[in-house]
Amino acid sequence: MLQTLNIVLLVSLIAIALAACLLRNLLVAVIMFSAFSLIMGIMWVMLRAPDLALAEIAAGAVVTTVLFVITIFKTQRREE
Amino acid sequence: MKNVLAVLSTGAVAAFLLYIVALLPSMGDAGNPTNLNIAPRYLEHGEQEVGTRNIVTGVLLNYRGYDTMGEIAIICAASAGVLAVLGTGKRKSAYAFMDLSDVKLSFIIRTAVMFLMPLIILFSIFTVLYGTTLPGGGFQGGAIIGAGTIIFTMVFGFREATNRMPARFRTLLESTAIVVFFLVGTAGVIGGANFLTYILPQLSTQIQPAVRTLMLLVVQFGIGIDVGMIFTSILFALLREEETNDMECAR
């Protein structure tokens, strides 16, 4: 059971990381990055590192995401 | 042609790295070199030597206190750099985009946030206070406070948030961690022990553990306040806009 959950989380981690790199829409990429942090936090809990999980979720999934969104909001998009 | 070359070289490097990973000792194996020498010492004598039930905090603040102090110094320096680039003008007319919006957030969201804010602050204080016995600590508590500030600012607006947390408070508190860390570390040196061991040899053995826990708590609170204020300051500096800038753009 735990093994299956582990595999599902790892595969989705790789998929989300690839999506965050490859997507052209910056806002969606940032949301993907936030989801990456969330799943990484669950992985930390499963690896018995709850200290890291707290820091990952608070700093990685919440604070950096909002800072990125504000930056995207204040900059202009230009297509080449 | 160039693309094919790039893909080939990247694939070669990736295959090499994966081969190296396959050669590494398997995770969590009791016979690993990292689990043989130093980890048993931490786990067996840590609680007695450091005085914390949560051994992660003990390693961070006591055994590897120097490293943590360096990390905090790096965070302070990085935040100083970010704030120097973004600018922290003291002009009263500063505003952010949510202050200009005609749409006010709904009553439900305002009430929910008003109910949640004290709980978030309480949880962050709990995380810092119990960092020595439960998972948590200064950095986590500070990050939770930072997340709470973000929620407050998004709902009640930039002006309200900067009124609640004025710049003069924040600039004062942004470097508490490094100062507190250094002072507590030096207290041990004055007492005759090593730097950052949280030991005052003059005290009797009965009070020693309590004093040590108190010193750890002071350092944790310093780190928590520092990290929270740094996150808040960077958020405000990113959000702020001044009327003069818009005028120049219009020209």
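Okay, one definition before anything else: when I say a residue is buried, I mean under 20% relative accessible area. Keep that in mind, please, and also keep in mind that what we're looking at is a predicted model.

Let me start with a helix that puts the definition to work. Which residues of helix H3 of chain B, residues 55–63, are buried? They are Ile55(B), Thr57(B), Gly58(B), Val59(B), Leu61(B) and Asn62(B). And what do those buried residues pack against? Within chain B, the partners are H2, helix H4 (65–86), H10 and H11, and from the other chain there's H3 of chain A.

Just ahead of that helix comes Asn54(B), in the loop between H2 and H3 of chain B. Buried or exposed? Asn54(B) counts as buried, because its relative accessibility is 9%. Its side chain reaches the backbone oxygen of Leu134(B) at 3.0 Å. If you leave out residues up to four places away in sequence, Asn54(B) touches Gly131(B), Thr132(B), Thr133(B), Leu134(B), Pro135(B) and Gly136(B), and also Asp51(A) over in chain A.

That takes us to the interface. Here 16 residues of chain A are in contact with 24 residues of chain B. The size of an interface is often given as the accessible area lost when the parts come together. For chain A and chain B, that's about 1500 Å² buried between them, with 82% of it on carbon and sulfur atoms. By class, the side of chain A that touches chain B has 13 nonpolar residues, one polar and two charged. How many salt bridges does the rule find across this interface? Zero. It does find six residue pairs in polar contact there, counting pairs with both residues at pLDDT 80 or more.

So where are the salt bridges? Side chains of opposite charge can pair when their charged atoms come close. Over all chains, the structure holds two salt bridges. One joins Arg41(B) and Glu49(B), with the closest N and O atoms 2.6 Å apart. Arg41(B) is partly exposed, at 41% relative accessibility, and Glu49(B) is partly exposed too, at 31%. The other joins Glu160(B) and Arg164(B), where the closest N and O atoms are 3.0 Å apart. Those two both lie in helix H8 of chain B, residues 158–164, four residues apart, about one turn of the helix. Glu160(B) counts as partly exposed at 30%, while Arg164(B) is exposed at 56%.

Next, the aromatics. A pair of aromatic rings is described by the distance of the centres and the angle of the planes. There are eight aromatic pairs over all chains. Take Phe152(B) and Phe156(B): their rings are stacked, 4.9 Å centre to centre, with 25° between the planes. Both sit in helix H7 of chain B, residues 138–156, four residues apart, so again about one turn of the helix. Phe152(B) counts as buried, at 12% relative accessibility. Ring pairs also link Tyr66(B), Phe182(B) and Phe195(B) into a cluster.

Right after Phe195(B) in the numbering is a backbone oddity. Most residues other than glycine have a negative phi, and most peptide bonds are trans. Leu196(B), though, has a positive phi, near 65°. You'll find Leu196(B) in the loop between helix H10 (176–191) and helix H11 (208–239) of chain B. It's buried, with a relative accessible area of 2%.

Chain A has a positive phi to show as well: Arg48(A), at about 60°, and it is not a glycine. Where is Arg48(A)? In the loop between helix H2 (26–46) and helix H3 (50–74) of chain A. Unlike the leucine, which is buried, Arg48(A) is exposed, with a relative accessible area of 74%.

Last stop, another asparagine in a loop. Asn32(B) is between helix H1 (2–23) and helix H2 (38–50) of chain B. With a relative accessible area of 9%, Asn32(B) is buried. Leaving out residues up to four places away in sequence, Asn32(B) touches Pro25(B) and Ser26(B). A polar atom of its side chain lies 3.0 Å from the backbone oxygen of Ser26(B).

That's my tour, so over to you.

Key. Residues numbered from 1 in each chain as written. Chains lettered and ligands numbered in written order. Predicted model: local features only at pLDDT ≥ 70, side-chain atom pairs only at ≥ 80, totals over all residues. Heavy atoms only, no water. Contact = heavy atoms within 4.5 Å. Buried area = accessible area lost by both parts, 1.4 Å probe. Salt bridge = Lys/Arg side-chain N within 4 Å of Asp/Glu carboxyl O. Polar contact = N/O pair within 3.5 Å; in protein donor to acceptor, adjacent residues only side chain to side chain. Nonpolar A, V, L, I, M, F, W, Y, C, P; charged D, E, K, R; others polar. Buried < 20%, exposed > 50% of the residue type's maximum accessible area, 1.4 Å probe, protein only. Phe/Tyr/Trp six-rings, centres within 6.5 Å; stacked < 30°, edge-to-face > 60°.
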